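Colleague: I am new to this structure and should be grateful for a close look at one part of it, with the surroundings added where they help. Please begin with any term that I shall need.

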Amino acid sequence: MLTFNLTLSGSDLLLLLPEIFLTLWLCVVLCLDFSLKRITHQQLAYLSIGGLGITGLMLIGMDVTGITGALFKNMFVLDHLALFFKILVVLATALVVFMSIDYVRDFRFFKGEYYCMVVMSAIGMMFMASSNDLLSVFVTLEFSTFGFYVLVAYLRDDIRSSEAGLKFFILGVFAAGLLAYGISLVYGETGTMVFSEMAGNQGSYGLAIGFILIFAALGFKIGAVPFHSWIPDTYQGAPTPVTAFLSIAPKGAALAILIRMFYVALASFKPMWVVVFVLASIVSMTYGNVVAIAQKNIKRLLAYSGIAQIGNIMIGLAAGTKQGSDAIMFFLLTYLFANLGAFAVIIAVSQVIRSDEIEDYNGLNRRSPFLAAAMLLFLLSLAGVPPLAGFIGKLYLFVAAMEQELYTLLVVGLVNIVISMYYYLIVVKKMYINEPTDPSPIAASMPIKVAVYVGIAGTLVLGIYPGPFIDWAVDATLMFSNIVAPVAALSVLPGS
Amino acid sequence: MFDLLVILIPLFPLLAVLVNGLAGHRYSHELAGRIAFGSVGLSFLCTLGVFGSVLGNPEPREVVAYSWIFGGNLSIDLAFLIDPLTTIMLLVVTGVGFLIHVYSIGYMHGEEGFTRFFTYMNLFMVSMLLLVMGNNYVVLFIGWEGVGLCSYLLIGYYYDKISAGKAATKAFVVNRIGDAGFLVAIFLIFSHFGTLDYTSVMAKASTLSTGMATAITLCLLVGAFGKSAQLPLYTWLPDAMEGPTPVSALIHAATMVTAGVYMVVRNHALFDMAPVSLATVGIIGGVTALFAATIGLVQNDIKRVLAYSTVSQLGYMFLACGVGGYIAAIFHLVTHAFFKALLFLSAGSVIHALGGEQDIRKMGGLHDKIPTTYWVFLIGTLAIAGIPPLAGFWSKDEILAHAFVNGQYHLYLFAAVGAFLTSFYMFRLTYLTFYGSSRVDPHVAHHIHESPPVMTVPLMILAGLAVLGGFLGVPPEHGWFHGFLHDVATPVGAEHHEVSVGLTLGLMTVAIGIALGGWYLAHYMYSIRPATANEMAEKSPQVYTTLLNKYYVDEAYDKLFVEPCKKLGLLWDWFDRHILDRFVVGVGHGTDISAAAITWTEKHVLYAGLNVIGYGHHLAAWAWRKLQSGQVHHYAAVIIIGLAILIHLAVVWYAGGSSTGLPTR
C-alpha cells in the first residue's frame with residue numbers, strides 16, 4: 001500500500017531550492033511579459049538566462065559544498081549524480097535560449113511564452129535527474145515532455161512544425177502508456193516503487209518485462225533504436241532551437257534515470273540488461289550512421305547522427321560499470337558542446353539563407369569563415385578526432401567496454417566511427433571545397449556568437465584539458481563504486 | 001616553485017607563438033621581435049633557476065603539467081623529467097636559442113615575413129623543449145614531430161624560391177622515414193613494458209631479451225639517424241641550408257639535429273642491452289664522420305661546407321655512443337652547439353656583409369674588412385679543428401680516447417682521419433673566405449660592412465663559450481661535466497677502463513698533431529702555394545668530381561627511390577582513376593540502391609503489411625487527412641516490434657537462465 005505523510009522541514013526545502021527558485025523566476029518572467037507592454041522578447045530571454053545562471057550557480061554551490069539528501073520517502077534524491085545532470089540541463093537550456101533569440105524574433109505570436117516553455121521543460125528535466133522512484137519517473141518525465149509537445153509545434157503556420165508536434169505527441173503518449181504499463185508490472189512484482197528498495201530482488205518474467213517496458217519509454221526519450229522513429233521527422237519539423245534542445249537536454253535527463261535505475265534497482269539483473277544494451281547500442285550506432293549518409297537535410301543528418309551517438313553512449317551502459325557511467329557522463333558533456341554548437345551554426349546560417357539543405361552549405365567558408373571553422377570543429381569533435389573533446393569522450397567509452405571485454409561492441413563501434421567520419425566530412429567538403437552558389441557573406445548575431453563561442457571553448461577545453469571534468473564525472477558516481485561489481489558480461493548470452 | 005619554473009620554460013615561447021601568431025600583423029616588427037626573443041630569454045632565466053636547483057639535488061624529478069588522458073590502465077601525461085641530462089640540454093637549447101634569436105633580430109631586419117619567422121622559431125623552441133623535457137615517449141614524439149614540422153616550415157621560409165620548397169619537402173620526407181622507425185619502436189616499447197614512462201621503462205630494461213632490445217633500439221636508431229642526418233638518411237641536411245642562416249644555426253646545427261644523440265643517451269639503458277645496436281651506432285657514426293668530411297673538402301658554398309661538417313660532427317657523437325661514451329657524446333653535443341652556432345652565425349654575418357653571396361670562390365681577403373666576424377669565425381674554426389685549449393679539442397679528444405681505450409681501433413682510425421680532414425676543410429674555408437686576394441664581385445665590394453651590434457654581440461658571447469666551454473670537461477673523464485652527468489649517462493654493466501696519464505697525454509699529442517697537420521696542409525695549399533688545389537683537382541679529376549658531386553648519393557637516391565616512387569605514384573593514380581574510383585562509385589551506387597531498396601521495402605512491404613493487419617487504421621485515416629503524411633502508426637509499429645523482440649529476448653533469457661546458473665523464479 002502506498003501511503004504518504006509528508007513532513008517537510010526548512011532544511012529539506014533547501015534541497016529543492018534550485019527548482020523552487022527557477023519556478024518562481026519563471027512565474028515572474030511570465031507576469032512581466034503580460035503586465036509590461038514595452039518589454040521585448042530579448043529582455044525576457046536575458047531574464048530567463050539570468051534565472052538559469054543563478055540556478056546554475058546554486059547547483060554548483062551545492063555540488064561543491066556537498067549538500068545531499070533525499071525527500072518525500074526517497075522519491076526525490078539530491079546527490080552528486082543528480083547535480084551533475086541538473087547542471088548539464090541548465091547549461092544546455094541557457095545555451096538554447098541564447099540561440100533562440102534570433103529565431104524567436106520571427107514568431108508572430110507568443111514570443112515571451114516561448115522562453116517560459118523552454119524553462120519549464122528545464123525544470124521538469126531537473127526533477128527527472130533527481131527522481132528515485134517509478135512514480136516520480138513517470139510524473140517528471142511527462143512534466144518535461146509537456147513543454148516539448150508545445151515547443152515542437154510552436155511554428156503554427158508551418159505545416160511541418162505542426163506535423164512534427166503531432167507525431168511527437170502521439171508517439172510520446174504511446175511511450176507514456178508503455179511506461180505506465182511497465183511501472184504497474186514492476187510494482188505488482190516487487191510491491192515497491194523506490195529504486196533502492198528493489199535492489200537485490202529475485203528476477204521474474206513479470207519484472208523483466210516490466211523493466212523492458214520502462215526501458216522502452218526511456219529509450220524513446222533518448223532516441224535509441226528501435227524507439228527512435230519519431231526523431232528524424234520531429235527534428236526536421238521543430239523550430240531549430242527546439243531541435244537543439246531536444247537533442248541534448250532530455251537525453252541527459254533520461255540517462256540520469258537510466259543510470260540510476262539500472263545501476264541501483266537492477267544491479268542483480270546485470271547480465272540481462274548488458275545484453276539488451278549491447279544489442280541496442282550496436283543497432284543504434286549502425287542504423288544511425290548508415291542512414292545519416294543518405295541525408296540531404298542538415299537537421300536530419302544531425303538527427304541520425306544523434307541516434308548513432310546514443311548508440312555510443314549505450315556502450316557505457318553495456319559496460320555496466322562505474323567506469324562506464326563516468327564515461328557516459330563525460331561524453332554527454334562533450335556532446336553538449338559539439339552538438340549545441342553545431343545547431344547554433346545551423347541557426348545562424350538558416351537565419352540568412354532560409355534553408356537547412358546540406359547543398360546550401362556549399363562554400364560556407366567563403367561566406368563566413370568563422371561559422372565554417374566553428375562547424376568544422378564541432379563536426380570533427382562529433383566524429384571523435386583528437387585532440388577535440390569528442391575523441392576523449394569516445395576513448396573513455398571504448399576503454400570502459402574494453403575493460404569488460406566487450407570486443408564485438410568495440411569492433412562495431414570502431415567501424416562506425418569510420419562510417420560517421422564519412423558523412424561529417426562530406427559536410428566539411430561542401431563548406432570548404434565547393435563553390436558557393438551565392439557568395440554573399442553571412443553574418444551571425446551576437447547571441448548566436450555567444451553560443452558558438454561557448455561551444456568552441458567547451459570542445460577545445462574538454463579535449464585538451466579534460467582532467468577536472470573527468471574528475472567531476474568520476475566523483476559524481478562515487479556511490480556506484482560498491483554497487484556494480486565488474487562482472488564478465490557477454491558470457492551469459494541467452495542460451496550459452 | 002620548482003614545478004612552476006619547469007612548466008614556465010616551454011610556456012613562455014608558447015605564449016609568444018600565440019601572441020605573435022594571432023595578433024602579430026597588428027603591431028610593428030620590433031615589438032614582435034622583442035616578444036619573441038624576450039620569451040626565450042625568460043625561458044633561459046627559468047632554466048637557470050632549474051639548473052641551480054638540480055645542482056643542489058641531482059635526483060631525477062618528475063613534474064606533471066597535466067594529465068591529458070587517463071582511464072583504465074591507460075594514462076598519458078604531459079609530464080617533464082628533470083635530471084642532469086635534461087638540464088644540460090635545456091641550458092643549450094634556451095641559452096644558444098636565446099643568442100640566435102637576438103642575432104636574428106638583426107639578420108632578418110626588414111624581411112617581409114619577420115613576424116612569421118619568429119612565430120615559427122618560437123614554435124620550434126616549444127617543440128624542442130618538449131622533446132628534451134618529456135618524461136615519456138609520447139611527449140618526446142610530440143616534440144620530435146613538432147621540431148620536424150618547424151624545420152620544414154623554416155627551410156621553406158622563402159617559399160617563393162623553388163629550391164627552398166624542394167629542400168623543405170625533402171627534409172620532411174626523409175624525416176618521415178626516420179619517424180616511422182621511431183613510431184615502431186614506441187609501439188614495441190609499449191607492447192613490451194605496458195608503459196611509456198622513461199622511469200618505468202628504464203627500471204625494467206634489464207628484463208629485456210637481447211633480441212627484443214636489439215629490435216627496439218634498431219627502430220629507435222632509424223628515427224635518430226633520420227633526425228640527426230646520419231648515413232644513409234643524411235641527404236636532407238645540406239639541402240636544408242636553403243633556410244635563413246639563423247635557422248641553420250639553431251635547428252640544423254645546435255639543437256634539432258642533436259635530438260637523435262639525446263634520444264640514444266636517454267635510452268642508453270636499452271642500448272646497453274643490445275650490443276649489435278651499439279656496434280651499429282658506432283660504425284654508422286664513424287663512417288658518417290669520415291664520409292661527410294670528405295665531401296666537405298671540395299664544397300664551394302660556405303653554408304654547405306658547414307652543413308657537411310655538422311653531419312660529420314654528429315657522426316662523432318654517435319661514434320661516442322657506440323663505444324659507451326655517452327657523457328663524451330653529450331659533451332661534444334654541448335661544445336658543438338657553441339662552436340657550430342658560432343660558425344653558422346658568423347657565416348651569416350659574412351653573407352650579410354656581401355649582400356647574400358654564399359660562394360667562397362667569390363670571397364677572399366675579408367679579414368680586415370669585417371674584423372669582428374673574422375676573429376669569431378677564426379675562433380670557431382680553431383675550436384672545431386681541435387686546437388687546444390678551445391672547446392672542440394677537449395670533447396673530440398675524449399671521443400677519440402674512448403674509442404682507443406675500448407679497443408675499437410677501426411673506429412679510432414675513422415675518427416682520427418676524419419679529424420684531420422675536419423681541420424683541413426675548416427682552415428680551407430677560413431683561408432678562402434678571409435685571406436688571399438679579394439675575389440669579391442666589384443659591385444658588391446664597396447658595400448661590404450660589418451654587421452650591427454645586435455648580431456656581433458651574440459657572436460662574441462658564442463666565441464667566448466667556444467673558447468672556454470671545453471673546460472667544463474677538464475680534466476678528461478673527471479671534469480665537472482662528467483661528475484654532473486655520471487648518474488644518468490653511465491653505461492650499465494660496462495667495466496671501467498682506468499686510463500694511465502701517459503696514454504691520455506699520448507693520445508692528446510696525437511690529436512693535436514692531427515689538428516695542426518690539417519691546418520698546415522690547408523695553409524700550404526691555400527696560402528703558400530694557392531695553385532696546389534687546382535693542380536690536384538686536375539691530376540685526379542674522377543676523385544674531385546666524385547667528391548664535388550657528393551658521391552652521387554642524391555642522384556642514386558633519385559634513381560633508386562624517388563623515380564620508382566613517382567612511377568608507382570603514377571601507376572597508383574591510374575589505378576585510382578580507372579579501377580578504384582569505379583569501385584567506389586559502384587559501392588556508392590550500391591549503397592544508394594540498397595538504401596532505396598530498404599526504404600522501398602519499409603514503405604511497401606513492412607508498412608503495407610502492417611496496414612493489412614490494420615493496426616491503428618483510424619489513426620492513419622485521421623493523420624492522412626490532417627497532414628497528408630501521417631505515418632505515426634508505422635512509427636508506433638516499429639516501437640512495438642522492437643519491444644516484442646526485446647521482451648522475447650528477456651523471456652528466452654529467463655528460460656535459459658537455469659542452465660547459466662542465474663537466478664530464476
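Modeller: Two residues are said to be in contact when heavy atoms of the pair lie within 4.5 Å. Please keep in mind that this is a predicted model.

The part I have chosen is helix α14 of chain A, together with the loop that follows. Chain A has 21 helices and two strands, and 63% of its 496 residues count as buried. Among its contacts between residues at least 6 apart in sequence, 81% join residues at least 24 apart. A:Asp326 belongs to helix α14 of chain A. If neighbours within four places in sequence are set aside, A:Asp326 is in contact with A:Ala473, A:Val474 and A:Thr477. The relative accessible area of A:Asp326 is 11%, so this residue is buried.

The loop between α14 (322–353) and α15 (364–367) of chain A holds A:Arg354. Most residues other than glycine have a negative phi. A:Arg354, by contrast, has a positive phi, near 55°. With a relative accessible area of 56%, A:Arg354 is exposed. The side chain of A:Arg354 also takes part in a salt bridge with A:Asp106, in which the closest N and O atoms are 3.2 Å apart. This pair links distant parts of the chain: A:Asp106 is in the loop between α4 (80–105) and α5, A:Arg354 is in the loop between α14 and α15, and 248 residues separate them. A:Asp106 has a relative accessible area of 39% and is therefore partly exposed.

At the far end of that loop comes helix α15, where a second salt bridge begins. A:Arg367 pairs with A:Asp438, and here too the closest N and O atoms are 3.2 Å apart. A:Arg367 lies in helix α15 and A:Asp438 in the loop between α18 (407–432) and α19 (446–464), so the bridge ties together parts that are 71 residues apart in sequence. A:Arg367 counts as buried, at 7% relative accessibility, whereas A:Asp438 counts as partly exposed, at 36%. Elsewhere in chain A, A:Glu163, A:Lys167, A:Asp233 and A:Arg300 are linked in a network of salt bridges. Over all chains the count comes to 19 salt bridges.

A buried acidic residue without such a partner is found in the loop between α5 (111–130) and α6 (134–152), namely A:Asp133. A:Asp133 has no salt bridge although it is buried, and the nearest side chain of opposite charge, A:Arg260, is 10 Å away. The side chain of A:Asp133 does reach the backbone nitrogen of A:Ser136, at 2.8 Å. Beyond its neighbours within four places in sequence, A:Asp133 is in contact with A:Asn74, A:Met75, A:Met193, A:Val194 and A:Phe195.

One further backbone feature of chain A deserves mention. Most peptide bonds are trans. A:Val225 and A:Pro226, however, are joined by a cis peptide bond, with omega about 10°. A:Pro226 is placed in the loop between α9 (205–222) and α10 (231–237) of chain A.

Chain B offers a helix α14 of its own for the surroundings. Chain B has 27 helices and two strands, and of its 665 residues 54% count as buried. The axes of helix α11 (residues 259–266) and helix α14 (residues 302–322) of chain B come within 10 Å and cross at roughly 10°. This angle makes α11(B) roughly parallel to α14(B). Where they meet, α11(B) contributes B:Gly260, B:Val261, B:Val264 and B:Val265, and α14(B) contributes B:Met317, B:Phe318 and B:Cys321.

Helix α14 of chain B also carries one side of a salt bridge, in which B:Asp239 and B:Arg304 meet at 3.2 Å, N to O. B:Asp239 lies in helix α9 and B:Arg304 in helix α14 of chain B, so parts 65 residues apart in sequence are tied together. Both B:Asp239 and B:Arg304 are buried. The loop between α8 (210–227) and α9 (236–239) of chain B holds B:Ala229, a residue that is not a glycine yet has a positive phi of about 55°. B:Ala229 is buried, with a relative accessible area of 0%, whereas A:Arg354, in the loop examined above, is exposed.

Key:
Residues numbered from 1 in each chain as written. Chains lettered and ligands numbered in written order. Predicted model: local features only at pLDDT ≥ 70, side-chain atom pairs only at ≥ 80, totals over all residues. Heavy atoms only, no water. Helix = DSSP H or I, 4+ residues; strand = E, 2+ residues; numbered from the N terminus. Buried < 20%, exposed > 50% of the residue type's maximum accessible area, 1.4 Å probe, protein only. Lys, Arg positive; Asp, Glu negative; His and termini not counted. Salt bridge = Lys/Arg side-chain N within 4 Å of Asp/Glu carboxyl O. Polar contact = N/O pair within 3.5 Å; in protein donor to acceptor, adjacent residues only side chain to side chain. Axes fitted to C-alpha atoms, helices over the stretch in contact; angles between N-to-C directions. Parallel < 35°, antiparallel > 145°, perpendicular 65-115°, else oblique.
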